[in-house]
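The following report describes the helices, the nonpolar core and selected side-chain contacts of one protein model.

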Amino acid sequence: MVLIDRIRYLLEKLLEVFTVFLLLALTSIVLAAVAFRTFGSSIAWYDEVASIGLAWLTFYGANLAALKRAHMGFPGIVSSAPPALRMALFIISEVIVIGFFAVIAYYGYQVLEILAWDRLVSLPSISLTVTQSAIPISAALFIVCECLTLPEAWKKMRAGVDSEHEAIEEAIRLAEEDLKENRS
């Protein structure tokens with residue numbers, strides 16, 4: 001396994017564990033809040049923490065999607081273009097995506113400096129820099145994920161492979177295997 005593939009694999013597993021942890025934590029918080037409200041009480045910090053948890057889950061889940069090249073795009077259009085145009089479209093799209101997230105990371109970090117003295121309303125012991133750190137961190141991670149998957153995406157683009165079509169064929173193949181197993 002090539003070093004870049006190992007790094008991508010480790011980052012993928014790390015992001016999977018972290019997003020599952022966030023999902024379980026958010027689910028636990030919501031269920032606890034429902035239970036407390038059912039019994040006539042409420043958790044004072046629920047609304048604030050749940051919205052932050054949902055934002056974190058969204059940001060870090062997007063990183064996982066980027067690492068799997070599962071984010072929104074138009075691979076069918078790119079793969080059906082002539083080779084020269086296909087390469088230009090690919091390069092332009094990567095520059096736009098990486099540039100966008102570089103701007104988000106930079107200004108997200110600038111916001112952290114502004115929020116350095118602010119705290120959560122319901123949990124004053126927690127700084128807003130902790131809660132808002134997901135913005136620059138996940139933007140930087142998105143760039144890393146794009147760069148780690150770039151060589152493989154470049155190969156597929158050069159070959160004219162439509163990743164959506166490839167994913168559909170893989171899902172059909174797995175479903176057929178599962179059907180064979182269940183019939184036997």
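## Core and helix packing

Setting aside neighbours within four places in sequence, W56 is in contact with F18, L22, G61, V130, T131, S133 and A134. The coordinates come from a predicted model.

W56 is also one of the residues with the most contacts inside the largest nonpolar core, a set of 28 residues; L11, L15, Y46, Y60, L67 and C145 are the others named in this group. Helices α1, α2, α4 and α6 each supply at least two residues of this core. The most is given by α2, with 10 residues. In soluble globular proteins, nonpolar side chains tend to be buried together.

## Helices α4 and α6

The table sets out the lengths of two helices.

| Helix | Residues | First to last C-alpha | Expected at 1.5 Å a residue |
|---|---|---|---|
| α4 | 32 residues | 47 Å | 46 Å |
| α6 | 26 residues | 36 Å | 38 Å |

Helix α4 covers residues 83-114, and its reach is close to the expected value. Its buried residues are R86, F90, E94, F101, A105, G108 and L112. The cover over these buried residues of α4 includes α3 (75-80), α5 (128-132) and α6 (134-159).

The reach of α6 is likewise close to the value expected for it. This helix nevertheless has a kink of about 50° at L150, shortly before the proline P151. The buried residues of α6 are A134, P136, S138, A139, F142, I143, C145, E146, L148, T149, A153 and M157. They pack against α1 (3-38), α2 (46-67), α3, α4 and α5. After α6 comes G160, which has a positive phi, near 75°.

## Cysteines

How many disulfides does the structure hold? The number is zero. The sulfur of C145 is 9.4 Å from the closest cysteine sulfur, that of C147, and this is too far for a bond, because a disulfide requires sulfur atoms within 2.5 Å. C147 is accordingly in no disulfide, its nearest cysteine sulfur being that of C145.

The two cysteines can also be described by their accessibility. C145 has 0% relative accessibility and therefore counts as buried, whereas C147, at 38%, counts as partly exposed. The cut-offs behind these terms are under 20% for buried and over 50% for exposed.

## Polar side chains at buried positions

T149 is located in helix α6. With a relative accessible area of 5%, T149 is buried. Its side chain is joined to that of R69 by a polar contact of 2.8 Å. The side chain of T149 also reaches the backbone oxygen of E146 at 3.2 Å. When residues up to four places away in sequence are not counted, T149 touches R8, A66, L67 and R69.

E12 belongs to helix α1. Is E12 buried or exposed? Its relative accessible area is 12%, so E12 is buried. A polar contact of 3.3 Å joins the side chain of E12 to that of K68. Leaving aside neighbours within four places in sequence, the contacts of E12 are L64, L67 and K68. L67 thus appears among the contacts of E12 and among those of T149, and L67 is also named among the residues with the most contacts inside the largest nonpolar core.

Methods: Residues are numbered from 1 along each chain as its sequence is written. This is a predicted model: local features need pLDDT of at least 70, side-chain atom pairs count only at pLDDT 80 or more; totals for chains, interfaces and linings use all residues. Side-chain values use heavy atoms; hydrogens and water are left out. Buried means under 20% relative accessible area, exposed over 50%, partly exposed in between (1.4 Å probe, protein chains only). Helices (H or I, at least four residues) and strands (E, at least two) are DSSP runs, numbered from the N terminus. The expected span of a helix is 1.5 Å times one less than its number of residues. Contact means heavy atoms within 4.5 Å. A polar contact is a pair of N or O atoms within 3.5 Å; within protein, one must be able to donate a hydrogen and the other to accept it, and residues adjacent in sequence count only if both atoms are side-chain atoms. The bend at a residue is the angle between axes fitted to the seven residues ending there and the seven starting there. A nonpolar core is a set of buried Ala, Val, Leu, Ile, Met, Phe, Trp, Tyr and Cys residues joined through side-chain atoms within 4.5 Å.
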